[in-house]
Structures are given as structure tokens and as C-alpha cells.
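These are my notes on the model, set out as numbered points. Please read them beside the sequence and the structure.

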Amino acid sequence: MTDKHEQQNMTATTPPDASDALPEGAIDVAVIGGGAAGLNGALILARSRRSVVVIDSGSPRNAPADAVHGLLALDGTPPSEILRRGREQVRQYGGHVVFGEVVTAEPAAPSTDGDLRFTVTLADGRSITARRILVATGLTDVLPEVPGLAEHWGHSVVHCPYCHGWEVRDEAIGVLATGPVSISHAYLYRQLTEDLTYFTHGTNLDEDNRARFAARGIRIVDTPVTEVVNDAHGALAGVRLADGQVVTRSVIAVLAPMRIRDRGLEGLRLPVQDVPNKGRSFASGAAGITEVPGVWVAGNVTDLTAQVGASAAAGALAGADINRMLAAADADAALHLAGTGETL
Ligand SMILES: Cc1cc2nc3c(=O)[nH]c(=O)nc-3n(C[C@H](O)[C@H](O)[C@H](O)COP(=O)(O)OP(=O)(O)OC[C@H]3O[C@@H](n4cnc5c(N)ncnc54)[C@H](O)[C@@H]3O)c2cc1C
């Protein structure tokens, strides 16, 4: 349990953009990943007087974006500012936020009273022992290998109509298809602009959807895209096709395949599930519980489509569930000690 003295110390001494030292000894919960999911989980745990350490490698998925949109009361806030405030709030309640990359996480020998233990090791060799683990490492968007595409990611190359659709409304948008999932993506972007071109880019577009696209005024280009073309100022100006033709566009919408960030977590042996047309994610039940005793997951690592609000909410639910399970384990431990004649 964190004491009031430690809580006041953290609030007074740690600037929001600095790393805390890794605490000595076993802690209640190690949170791997300090984005919206991990920080909200840690906030709930720290407020429950659990000793909690968030370990974060500092590359949240939405880092390229200027602002977070669609998040009630915080719409338009830069991602870095939301995380800065989140870290500050976790620390206000005695939680620690350590900057670093987890390279291994695995079960360790249980405590003498039979409670679970895990060892989490960072890239610089430091390690910590925790009673429970919350995995909130997010995902990576794997962009198609079209030259020039990646440099505009999060600005003129967008994926989520709810994140930046309003910002690109009425622009000349091109949907770069990556598979069947891009078809419904196109209808969503058609809601935002009348000037929409669908680049099939080697994917199948059935006759029914061709007719529906035509009815909605969506142009279809079947010639593959070879590169993104910029104007003299470096702004996205269009795409070049395999036949050399350039199609003018100011925005490209692309649903990139998503890959969960699971490196270093293999030792936890978390089950993975297929998410049709989207990728694979860590399987979880209510409140992010997994089949691996003592390990919870939250945010994009288990819910590929969660935005910031849903990720934060999932982290909070997982944090509360972990606290509930720890409370039961604490009672078990107390009972065990009572049986041995010792006291806590
Ligand atoms: C360009 C773009 C713009 C977006 N805009 C919006 C928007 O406007 N509104 C919205 O609601 N959503 C938006 N999103 C979605 C948003 O990014 C996600 O919903 C959100 O980031 C998910 O939170 P998370 O905590 O699950 O993961 P993340 O925010 O990705 O956080 C995961 C954290 O874990 C860390 N990590 C990973 N592996 C390790 C490891 N081994 N050790 C230590 N740390 C590790 C990472 O460095 C990262 O800091 C956008 C996404 C993109 C790509």
C-alpha cells in the first residue's frame, strides 16, 4: 500500500515529462505501456492505494497527430498533453511512471503464501517484481509500402473518420484500399466529402459495390498506385499510378493492417485471437481479464478499434478488476498468516 508520505513526495518532486526511478522490492501492479489504457488503469490502482509502476517506451500510436478528436471535453487536445496530464495524475496518488522498454515479462516463483509473482525486465537490465500485470502496449499500423505514404501519416494520410474526418471534410480524398474492409471505409469517407476516389490497388471490388459506389458518385481507379506525389512545398498533391498518370488528391485515407505490440511479452503466454479483416489481438474477457492468471490487457492491444476514450475506459475497468482480485488475495494472505500464527 502507498502511504501518504510517499504520495506527497511524488507530487512535489517529479516533473510530468521526467521518468521516476524504478522502485525497490515487489509492487502490486506493473503496467506495461503508458498510453491512455495503461495510465487510466494505473490511476484507478494508485487511487486504490496499490503500489503501481507504469513502464512506458514513449511511442503512443497517435503520436503523429496534432490533436485528439472525438474525446468528450478534451476534443482538440494534443496527444502529448493528454499523456502529460495523465502521468501527473497517476503520480499525484503515489503511482510511478518509468520510461523504458520492457524486454521480458514472465511468471516468477510465487510468494510464500502462494500469491502470484511476475518479473518484468527493461531493456537497460533493470527489473521489478509485481503481483499482477496490466498489458497496455497498444498496436502499430502497418502502412502499405507505397513510397511517400508514411511521411504524411497522421496528417494528410489518415485512417479513422472519427479521429480526423471532420478536419478533412470536403477535401479531394482518395481511399487507398488494403482489402475488403476498405469498402465500408469508403462509404464513411463519402459522408465527409463529395470528391472521393477509390483506388482498388490490387484488391477485389465486387460488382454490387461498384454499382453502389457509382450511385454515390465515388470514382474507382483500378490501376495500382506506385507512389505519393508532393507539391513544391512538400504537401501531399496526389498519387502516381502504374501507367504514369497522376491523380490529384489532397488526402489519402488508408486502413492499414494493425499489429499488436507484443514484443517482450512472449513469456506471459497470452492467447491471441483473430479479428476478421483487421488483424490479431490479445484475447480477453470482461474488464480485460485473460486466461493467464494475474495478467490483464487493455486498450488497442486487445481491442483494435478502440479510440482514446474506449482505451482509457478499458484501462480503468481492468485497474478496478485487478484491485478487486488483489483485495481477495490480501484476505487469503492474511488468513494464511493467521494460520501460521504470524501477523501481517
Ligand atoms: C494517426 C492517428 C491518429 C489518431 N487520432 C485519434 C483521435 O483523434 N481520437 C481518438 O480517440 N483516437 C485516435 N487515434 C487512436 C489512438 O491512437 C488509440 O485509440 C490509442 O492510442 C490507444 O491507446 P493505448 O493506450 O491502447 O495504446 P497507445 O496509446 O499506443 O499506448 C501504448 C504505449 O505502450 C508503450 N509500449 C509498447 N510496447 C512497450 C514495451 N514493450 N515496453 C514499454 N512500453 C511499451 C508505447 O510506447 C505506448 O506509449 C489515432 C490513431 C492514429 C494512428
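1. Tyr-187, Tyr-198 and Phe-213 make up one aromatic cluster. The model is a predicted one, and a search of the whole structure gives two aromatic pairs. Tyr-187 pairs with Phe-213 in an edge-to-face arrangement, with 5.1 Å centre to centre and 80 degrees between the planes. Tyr-187 belongs to helix α5 (residues 181-190) and Phe-213 to helix α6 (residues 207-215), so this pair ties together parts that are 26 residues apart in sequence.

2. The other contact in the cluster is between Tyr-198 and Phe-213. Their ring centres are 4.9 Å apart and their planes stand at 70 degrees; planes over 60 degrees apart count as edge-to-face, so this pair is edge-to-face. Tyr-198 sits in strand β10 (residues 196-199) and Phe-213 in helix α6, 15 residues apart, and the pair links distant parts of the chain.

3. How buried or exposed are the members of the cluster? Phe-213 is buried, with a relative accessible area of 0%. Tyr-198 also counts as buried, at 0% relative accessibility. Tyr-187 has a relative accessible area of 23% and is partly exposed, because buried means under 20%.

4. On disulfides, a search of the whole structure finds one. The bond joins Cys-160 and Cys-163, with the sulfur atoms 2.4 Å apart. The torsion about the S-S bond of Cys-160 and Cys-163 is about 80 degrees, so the disulfide is right-handed. Cys-160 and Cys-163 are both buried.

5. Turning to the ligand, 37 residues surround it. The closest are Asp-56, Ser-57, Ser-59, His-69 and Ala-306. By class, this shell holds 13 nonpolar, 18 polar and six charged residues.

6. Which atoms of the protein lie opposite oxygen atoms of the ligand? For Ser-57, an N or O atom in the side chain is 2.7 Å from an oxygen atom of the ligand. For Ala-37, a polar backbone atom is 3.0 Å from a ligand oxygen. For Asn-62, a polar backbone atom lies 3.4 Å from an oxygen atom of the ligand. Taken alone, the ligand exposes 990 Å², and the protein buries 98% of that area. The elements that contribute two or more residues to the shell around the ligand are α2 (36-47), β2 (52-56), α4 (161-164) and α7 (308-340).

7. Ser-51 deserves a separate entry. Where does Ser-51 lie? Ser-51 is placed in the loop between α2 and β2. Its relative accessibility is 18%, and since buried means under 20%, Ser-51 counts as buried. A polar atom of the Ser-51 side chain is 2.8 Å from the backbone nitrogen of Asp-28.

Methods:
Residues numbered from 1 in each chain as written. Heavy atoms only, no water. Near = heavy atom within 4 Å. Polar contact = N/O pair within 3.5 Å; in protein donor to acceptor, adjacent residues only side chain to side chain. Areas by Shrake-Rupley, 256 points an atom, 1.4 Å probe, with all protein chains shown as cover. Helix = DSSP H or I, 4+ residues; strand = E, 2+ residues; numbered from the N terminus. Nonpolar A, V, L, I, M, F, W, Y, C, P; charged D, E, K, R; others polar. Disulfide = S-S within 2.5 Å. Buried < 20%, exposed > 50% of the residue type's maximum accessible area, 1.4 Å probe, protein only. Phe/Tyr/Trp six-rings, centres within 6.5 Å; stacked < 30°, edge-to-face > 60°.
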